[in-house]
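This report introduces a protein chain to a reader who has not seen it before. The overall fold is treated first, and the aromatic side chains follow.

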Amino acid sequence: MNNFVTDAINLKSYNLSESDKIMVMYSKQHGLIKGVAKGCKKPKNKLGARMDLLVANTLMLSKGRNLNTICEAKAVNTFKQTREDMDKLLYSTYISEIVNNFGVEGDPCAEEVYDILYKALDRISNAKETKEILISVIKFQLKMMQIVGFGIELDTCLCCREQILDENMFFSESMGGVICEECGKELGLKTKMHHKIRDFLQAMLQFDFNFESDYDRKATDKVCYVCYDLLKSYIQTHCPKKFKTTQLIQETNTIGV
């Protein structure tokens, strides 16, 4: 009666003893959960590699007073190709860190968050070029922030409420969206945004991970990196927790220009 089954993706782990680990996972049914993986560091343990980070499993857990215990794990997707490429690994770790920082236990949006995390990790793992990695990350950044209540305004100036069409604008990280040129100058904003960048972001928010639009096809690595960097700064502004992966990406970056 105390057992339950859920689909979950491994986000983080802590050593508990010489053979045990505490796993932090995001589950499709319950949001952020933790569980003890007993003996998983021992050779030939039945949990073993299923407790590696960035692995999607179907789990059976036993409810405990303080911590759940992972009884069984069946790998759904190990995102194998991610582990063979440094860029894929770093950006996959980054989006999992976003989920860890914004995720909550008993999340009413758990299924939606799990779905976009799984799709993004899968697309990154199977990406053939660097642009595909970045597009998957951008789509995830936009969709995740919308789900957790920090959606970005991309249509209307947040000051004067006038719609911004084919004209350049400013972007305010603190306010959470676009500001028209006139209002932006009055506020002394520094971050300018070309209307084509705004249009690209709108498309990335609208389309699913598996849909390749004209924007996906025409985008360059440079455009994608500019958008990733802008969204990264926005997310950091609205997250009380620090991100560890972003500095690693910056230090070892082979994608950015």
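Among contacts in the chain between residues at least 6 apart in sequence, what percentage join residues at least 24 apart? The share is 60%. The model under discussion is predicted.

The chain contains eight helices and eight strands. Its radius of gyration is 20 Å, which agrees with the value near 18 Å that a compact globule of 257 residues would have. Along the principal axes, the C-alpha atoms fill a box of roughly 60 × 35 × 30 Å. Of the 257 residues, 49% count as buried. The accessible surface comes to about 13300 Å², and carbon and sulfur atoms contribute 48% of that area. The chain carries 35 positive and 34 negative charges, whose mean positions lie 8 Å apart.

A search of the whole structure finds nine aromatic pairs. Two of them are set out below.

| Pair | Distance between ring centres | Angle between planes | Geometry |
|---|---|---|---|
| F79 and Y118 | 5.6 Å | 65° | edge-to-face |
| Y94 and Y228 | 5.7 Å | 85° | edge-to-face |

The pair of F79 and Y118 links distant parts of the chain, 39 residues apart: F79 lies in the loop between β5 (68-77) and α1 (86-102), and Y118 in helix α2 (residues 110-125). F79 has 2% relative accessibility and therefore counts as buried, whereas Y118, at 22%, counts as partly exposed.

The pair of Y94 and Y228 joins helix α1 to helix α7 (residues 221-237), and its members are 134 residues apart. Both Y94 and Y228 are buried. These two residues also belong to one aromatic cluster with Y91, Y225 and F243.

Technical notes
Residues are numbered from 1 along each chain as its sequence is written. This is a predicted model: local features need pLDDT of at least 70, side-chain atom pairs count only at pLDDT 80 or more; totals for chains, interfaces and linings use all residues. Side-chain values use heavy atoms; hydrogens and water are left out. Helices (H or I, at least four residues) and strands (E, at least two) are DSSP runs, numbered from the N terminus. The radius of gyration is taken over C-alpha atoms; the globule rule is 2.2 Å times the number of residues to the power 0.38. Buried means under 20% relative accessible area, exposed over 50%, partly exposed in between (1.4 Å probe, protein chains only). Contact means heavy atoms within 4.5 Å. Accessible areas come from the Shrake-Rupley method with a 1.4 Å probe; for residues, only the protein chains shown count as cover. Lys and Arg count as positive and Asp and Glu as negative; His and the chain ends are not counted. The place of a charge is taken as NZ of Lys, CZ of Arg, CG of Asp or CD of Glu. Rings of Phe, Tyr and Trp (its six-membered ring) pair if their centres lie within 6.5 Å; planes under 30 degrees apart count as stacked, over 60 as edge-to-face and the rest as tilted.
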